[in-house]
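This report covers the salt bridges of one chain and the pairing of some of its strands. The sequence and structure come first.

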Amino acid sequence: MSTFWFDGHEVPFRPGATIGAALLASGIRSWRTTRGQGRPRGVFCGIGVCFDCLATVDGRPNQRACLTPARDGMDVRSQEGTGHGEFAG
Ligand code: FES
């Protein structure tokens, strides 16, 4: 089974899975916090519409986890706000 990294932990996934599906299958339900109040977010719509599932993927912030295919060895990180480091809590 292939794996990717999520905040330093290995996450297994099946071929064809999205990042969001793999995270949910591993029991991880949130990986982003909102800009205003830092509330947790993860998959909501699951079809690319709501942007609740944003994550930083291989250094690129604001990638929709529900649409992004998982790849072996990729580096996925949870994201605060816009993912550009402006969120102070
Ligand atoms: S869960 Fe809505 S865009 Fe990904």
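With which residue does R41 form a salt bridge? The partner is D52, and the closest N and O atoms of the pair are 3.9 Å apart. The model is a predicted one.

## The network around D52

The contact between R41 and D52 links distant parts of the chain: R41 sits in strand β4, D52 in the loop between β4 and β5, and 11 residues separate them. With a cut-off of 4 Å between the side-chain nitrogen and the carboxyl oxygen, the 3.9 Å of this pair counts as a salt bridge.

D52 also forms a salt bridge with R32, where the closest N and O atoms are 3.3 Å apart. R32 belongs to strand β3 (residues 32-33) and D52 to the loop between β4 (40-41) and β5 (54-57), so this pair ties together parts that are 20 residues apart in sequence. Through shared partners, the salt bridges join R32, R41 and D52 into one network.

How exposed or buried are the members? D52 and R32 are both buried, D52 having a relative accessible area of 17%. R41 is partly exposed, at 28%.

## The D58 to R71 bridge

A further salt bridge brings together the side chains of D58 and R71, at 2.7 Å from N to O. D58 is in the loop between β5 and β6 (60-64), while R71 is in the loop between β6 and β7 (75-77); the pair therefore ties together parts 13 residues apart in sequence.

Both ends of this bridge are partly exposed: D58 has a relative accessible area of 38%, and R71 has 43%. The count of salt bridges in the model comes to four.

## Strand β5 and its partners

Strand β5 runs antiparallel to β6, and three bridges join the two. V57 has R60 as its bridge partner in β6. The two strands form a hairpin with two residues between them, and D58, in the turn, has a positive phi of about 50°. D58 is also the residue that meets R71 in a salt bridge.

β5 pairs with β7 as well, again in the antiparallel sense, over two bridges. In this pairing T56 has R77 of β7 as its bridge partner.

Which way do the side chains of β5 point? L54 and T56 point one way, A55 and V57 the other way, and all are buried. In a regular strand, side chains alternate between the two faces of the sheet.

Technical notes. Residues numbered from 1 in each chain as written. Predicted model: local features only at pLDDT ≥ 70, side-chain atom pairs only at ≥ 80, totals over all residues. Heavy atoms only, no water. Helix = DSSP H or I, 4+ residues; strand = E, 2+ residues; numbered from the N terminus. Buried < 20%, exposed > 50% of the residue type's maximum accessible area, 1.4 Å probe, protein only. Pairing = 2+ DSSP bridges.
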